[in-house]
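Colleague: I should like to go through the reasoning behind several labels assigned to this model. Please set each one against its criterion.

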Amino acid sequence: MTGGADAVAAADAWILDRLDRTDGSDRLDRLDRTGTRGETATPSAEPTESGPRAAGRGGRPGRPATKVRRTGIEPVTKRHSPRRPPAGPGAHVWPGLDESFARHAARLAHTPQGRELTRALVLRDGVAQRPRPLGPPLCLRSGLRPELDAFLAAYHRMIETILSAYDHDPRLRRVLTVPEPLREEVAAARDHRVHLMRLDLLPHPDGRLRVLETNANCPAGLTAAGRGRAAWRVLLTRQGVALPAPLPADVPTWTGSWLADLALRHTGVRPRSVALLCPQGANRNEINDYEAGLTAIGIRVVHADPRDLRTDPGGTTVVDGEPIAHAYAKISTRDLLRMGVDAMPYLRAVRKRSLFVQNGLRGRFLGDNKLCLAVLSDPLFAGLFGAADHRRVGPAVPWSRNISLCDGAVLRAVGRDRERYVLKHPLDTRGRGVVIGRESPDAAWTGAVEHAFEFGWLVQEYVPAPRAPATPNGSGRRHDLALGAVDGRLVSAFARTGHDARLNVARSGRLHPVYL
């Protein structure tokens with residue numbers, strides 16, 4: 001697996017180099033001459049002023065198809081035309097947030113009690129576990145919770161449908177690319193469940209939401225948001241503020257109870273001990289929370305580097321000679337690739353089900369894969385999903401494709417109209433591996449499109465972020481919304497605010513607990 005680690009390092013260096021360079025404007029011409037890459041491409045509609053183009057469907061590129069089937073999927077429309085690019089971030093306010101609550105919480109944060117809470121409530125982030133203070137809480141308007149519950153459940157079913165169909169649908173295997181060192185293990189795996197996920201959303205001016213990505217590996221922020229909601233609840237209720245009912249993650253022992261209950265449901269055994277797997281020197285977000293939650297409910301915790309796992313002659317997974325059957329894995333794909341062959345005992349133990357971890361292998365490398373949005377966005381895959389789920393989720397998915405499977409007309413549009421598009425590495429995290437067209441010089445964007453085409457990245461319609469609540473227009477601060485779920489049921493929620501286009505706590509974002 002050393003090739004995977006080299007590829008990660010090379011991709012990082014390449015992006016930094018491209019964003020500093022100013023030459024290379026002829027690269028798209030070469031792509032146009034070569035056409036699509038690899039196997040037969042999934043027909044892909046390029047967003048234009050008049051709707052989806054007919055490229056790949058019998059029409060001439062640049063002209064609308066004679067008949068466009070309505071599927072609930074919303075392609076980029078006139079609102080996103082080259083003449084009228086999408087509005088910039090912070091240009092609109094999402095009506096789903098309670099602005100009066102946000103203003104009240106912001107004022108309360110400047111009182112002595114509020115300042116004390118702000119000092120105490122932090123998210124420990126990254127390798128160094130740097131303390132990042134949480135922002136004041138936010139609250140969604142009443143009546144949104146049932147709609148979000150239904151949306152989250154439908155989205156979860158659709159992601160698990162993709163995992164189940166991966167074996168027998170060759171179209172999915174073309175779109176959902178997996179790094180070569182992991183491909184064999186993922187193909188041999190038979191797990192089809194996403195136990196824990198976080199859905200990252202951008203509120204839209206029309207009042208609805210747009211899906212940015214799915215985090216189905218080891219999503220962070222859910223427990224910190226729960227701590228924040230529980231702590232602020234005490235102060236807010238003293239002030240006479242009526243709040244929605246607590247969410248599951250607001251309970252201090254939630255990190256232990258959900259994992260133990262999950263293991264019992266899926267393995268038939270309630271664990272007596274759980275390994276917390278995290279590579280040495282890697283991001284340890286929420287590892288301490290899981291240790292505290294598991295210990296509080298009487299489950300012994302074993303800390304281990306996944307490279308230390310072994311399989312004994314009887315097929316049992318062991319670490320330092322101790323049998324391990326259940327684990328919480330805090331392992332990013334980037335770190336896993338860097339481990340090389342040392343990760344194979346861990347991968348095989350999960351695949352053979354001698355070790356139970358949240359989301360298994362397919363949940364992590366397929367469910368967490370940003371290219372799932374290319375599947376959810378493309379009308380050609382609509383038949384995979386339940387009609388009701390597709391109608392509910394489809395309009396919230398921005399136009400998204402695996403750029404390697406796009407034809408020349410789409411590639412030209414992506415290269416020409418950079419303000420309308422974003423490129424994303426399929427399996428990177430913490431805001432890395434994202435190139436935003438409107439923030440890139442022309443030549444750097446051209447090179448980024450070529451690189452994304454070569455390595456099968458996601459190309460997605462640019463969606464502007466709304467203005468953060470309780471901030472003046474023109475302040476430049478914006479926000480998103482993140483929903484956490486266990487087996488498709490809402491357990492936590494937070495928003496991130498900041499000035500950076502990539503609203504990630506690892507960058508400049510600040511996490512705010514959300515009541516709903």
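Colleague: Which residues of helix 16 are buried?

Modeller: In this predicted model, the buried residues of helix 16 are Gly408, Ala409, Val410, Leu411, Ala413, Val414 and Gly415. To be called buried, a residue must have under 20% relative accessible area.

Colleague: Why is helix 16 called largely enclosed?

Modeller: Helix 16 spans residues 408-416, and 7 of its 9 residues are buried, so the rest of the structure largely encloses it.

Colleague: What makes Asp407 a cap of helix 16?

Modeller: A side-chain oxygen of Asp407 lies 3.2 Å from the backbone nitrogen of Ala409, at the N-terminal end of the helix. A polar contact requires N or O atoms within 3.5 Å, and the 3.2 Å separation satisfies that distance limit.

Colleague: How do you know that strand 11 and strand 12 pair?

Modeller: Pairing requires at least two bridges; 2 bridges join strand 11 (residues 326-329) to strand 12, and the two run parallel. Ala327 stands opposite Val357 in strand 12. Both strands belong to an open sheet of 4 strands in the order 7-6-11-12. Its edge strands are strand 7 (300-304) and strand 12 (356-357), each pairing on one side only.

Colleague: Why are strand 8 and strand 10 placed at the edges of their sheet?

Modeller: That open sheet has 3 antiparallel strands in the order 8-9-10. Strand 8 (309-311) and strand 10 (322-323) each have a single partner strand, so one side of each lacks a neighbour in the sheet.

Colleague: What makes strand 8 and strand 9 a pair?

Modeller: They are linked antiparallel over 3 bridges, which meets the requirement of at least two. Thr311 has Thr317 in strand 9 as its bridge partner.

Technical notes: Residues are numbered from 1 along each chain as its sequence is written. This is a predicted model: local features need pLDDT of at least 70, side-chain atom pairs count only at pLDDT 80 or more; totals for chains, interfaces and linings use all residues. Side-chain values use heavy atoms; hydrogens and water are left out. Buried means under 20% relative accessible area, exposed over 50%, partly exposed in between (1.4 Å probe, protein chains only). A polar contact is a pair of N or O atoms within 3.5 Å; within protein, one must be able to donate a hydrogen and the other to accept it, and residues adjacent in sequence count only if both atoms are side-chain atoms.
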